[in-house]
Amino acid sequence: MRTTRTPRRRRAVPAALAALVALVVAAGGLGGLVVWQNTYELREEAVTIRQGGRVLHGVLALPAQGKGPFPLVVFVHGDGPVDATHDTFYRPMWEAFARSGYASLSWNKPGVGGAPGDWLDQSMADRAGEAVDAITWARQRPDVDGGRIGLWGASQAGWVLPKIAAEDPGIRFVIAVSPAVNWHRQGRYNLLAELSRDGASGAEVATALARRETGLELLARGASYEEYVRAVGDPKGMTAARWRFVSKNHTADASADLPALRGTPVLLVLAGHDVNVDTADTEAAYRRLLPGPALHVAHYPDAGHGLVRHAVEDSSLRLALTALCAPRSLFAEGFLADQERFLTSVATDGAER
């Protein structure tokens, strides 16, 4: 049911294509370049987080030198079965943050990479509670500065970040990348944007919107998955597990929780080619609910939803080659450097207090 889709994760490189590209690279004598480009100046430690009755399998990425304690960026994933590195997508950011003296913490979603549980059983409140437990665990480590912990989150994390801040008033900063605000408005925007991109006819748009309304009516009255399938026919990828997840979360609206971030430094990152999230709606909500100088808004006109350069994201071959041979170049110009500057400014402000 396209009407209730959440923002998608970055498009993955097809495994067969990635294997082919890797073979071509190796045959061309560029294997050394690939290894070098995928070697990062940081220290990664596999960690098991046991806190609050949860067990999370994660990665703590530390600056290349020093014992700390380091300020910490806690990563909150978007939609989908995301592992701790997001298929290595996070590593260029971890490296950039490490240059500013920050550690980064991320973990597999439940059910991913052998982690216990199932992420499709989670509500946004569950995800916030999970992050709060991870932060509590991190504060017990001698190499983490428990007084300087902030959040990084993308897409679906827009509903999770402010809930974390509401539970943990010690959160010092937030980087929100392409965050959604209202599940229903976002779903409608995503549906229409994709139909427009795909050149759908007027009749196809009308059919899709009618299907959306049917789905929303069923969700509103707590209908079962079987009722949904009977009502719409072809489920079009909507599984029973996904229906359960949507049923738990379709009323999500960050507006109620965003005021918890007032006065907290927030970097709002928005992309110019975002078909998943209505960036104008998001920016308006953040400016209305987080007035004042603590909110910083950064626009990247040439980026897609995941802040990958649009021209790269639009070509599977180019995406695969860039991910293998120049992963730091995946992102829109200035994206990594702007986050570094933001974290440096947060660290400076904290030192002056």
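**Entry 1. Overall view**

I count a residue as buried when its relative accessible area is under 20%. By that rule, 51% of the 353 residues of the chain are buried. I note at the outset that the model is a predicted one. I looked up the secondary structure next and found 13 helices and eight strands in the chain. I also looked at how contacts are spread along the sequence. Of those between residues at least 6 apart, 74% join residues at least 24 apart.

**Entry 2. The sheet**

I followed the strands and found that eight of them form an open sheet, in the order β1-β2-β4-β3-β5-β6-β7-β8, with mixed pairing. Which strands stand at the edges? They are β1 (42–51) and β8 (295–304); each has a single partner strand, so one side of each is left without a neighbour in the sheet. On average, neighbouring strands of the sheet are turned by 20° against each other, direction ignored.

I then recalled a general point: strands of a sheet pair through backbone hydrogen bonds, either parallel or antiparallel. Both senses can be found here. Strands β2 and β4 run antiparallel and are joined by four bridges, with A61 standing opposite S104 in β4.

Two helices were checked against the sheet. Helix α4 packs on it and touches β1, β2, β3, β4, β5 and β6 (171–177), and the direction of α4 makes about 115° with that of β1. Helix α10 lies across β6, β7 (266–273) and β8, and runs at about 160° to β7.

**Entry 3. Strand β3**

I turned to strand β3, residues 70–76. Is this strand enclosed or open? Seven of its seven residues are buried, so β3 is largely enclosed by the rest of the structure. I looked up its pairings as well. With strand β5 (residues 144–154), β3 pairs in the parallel sense over six bridges, and L72 stands opposite I149 in β5. With strand β4 (residues 103–107), β3 also runs parallel, joined by three bridges; here V73 has S104 as its bridge partner.

**Entry 4. Residue S104**

S104 appeared in two pairings, so I examined S104 by itself, given that it is buried, with a relative accessible area of 1%. What does S104 contact, leaving aside its neighbours within four places in sequence? I listed V59, L60, A61, L72, V73, F75, W94 and F97.

**Entry 5. The nonpolar cores**

I began from a general tendency: in soluble globular proteins, nonpolar side chains tend to be buried together. In this model the largest nonpolar core has 62 residues, and those with the most contacts inside it are L72, L105, I164 and Y286. The largest share of this core, eight residues, comes from helix α4 (residues 124–139). Another core, of 40 residues, lies apart from it; F75, A154, I175 and L336 are among its members.

I took I164 as an example. Neighbours within four places in sequence aside, I164 is in contact with V76, A128, A131, V132, I135, L151 and I171.

**Entry 6. Residue T282**

In helix α10 (residues 279–289) I looked up T282. T282 is buried, with a relative accessible area of 1%. Not counting residues up to four places away in sequence, T282 touches P179, A180, V181, L268, L270 and V277.

**Entry 7. Helices α7 and α9**

How do α7 and α9 stand to each other? The axes of α7 (residues 202–220) and α9 (residues 240–249) come within 10 Å and cross at roughly 70°. The two helices are therefore roughly perpendicular to each other. On the α7 side I found G215, L218 and L219, which meet W243, V246 and S247 in α9. By class, this contact has four nonpolar, two polar and no charged residues.

**Entry 8. Backbone details in loops**

I closed with three places in the backbone. G68 and P69 are joined by a cis peptide bond, with omega about 5°; P69 is found in the loop between β2 (54–63) and β3.

T88 has a phi near 75°, a positive value in a residue other than glycine. T88 is found in the loop between β3 and α3 (91–99) and is partly exposed, with a relative accessible area of 38%.

K236, in the loop between α8 (225–232) and α9, has a positive phi near 50°. K236 is exposed, with a relative accessible area of 53%.

Technical notes
Residues numbered from 1 in each chain as written. Predicted model: local features only at pLDDT ≥ 70, side-chain atom pairs only at ≥ 80, totals over all residues. Heavy atoms only, no water. Axes fitted to C-alpha atoms, helices over the stretch in contact; angles between N-to-C directions. Parallel < 35°, antiparallel > 145°, perpendicular 65-115°, else oblique. Contact = heavy atoms within 4.5 Å. Nonpolar A, V, L, I, M, F, W, Y, C, P; charged D, E, K, R; others polar. Core = buried A, V, L, I, M, F, W, Y, C linked by side-chain atoms within 4.5 Å. Buried < 20%, exposed > 50% of the residue type's maximum accessible area, 1.4 Å probe, protein only. Pairing = 2+ DSSP bridges.
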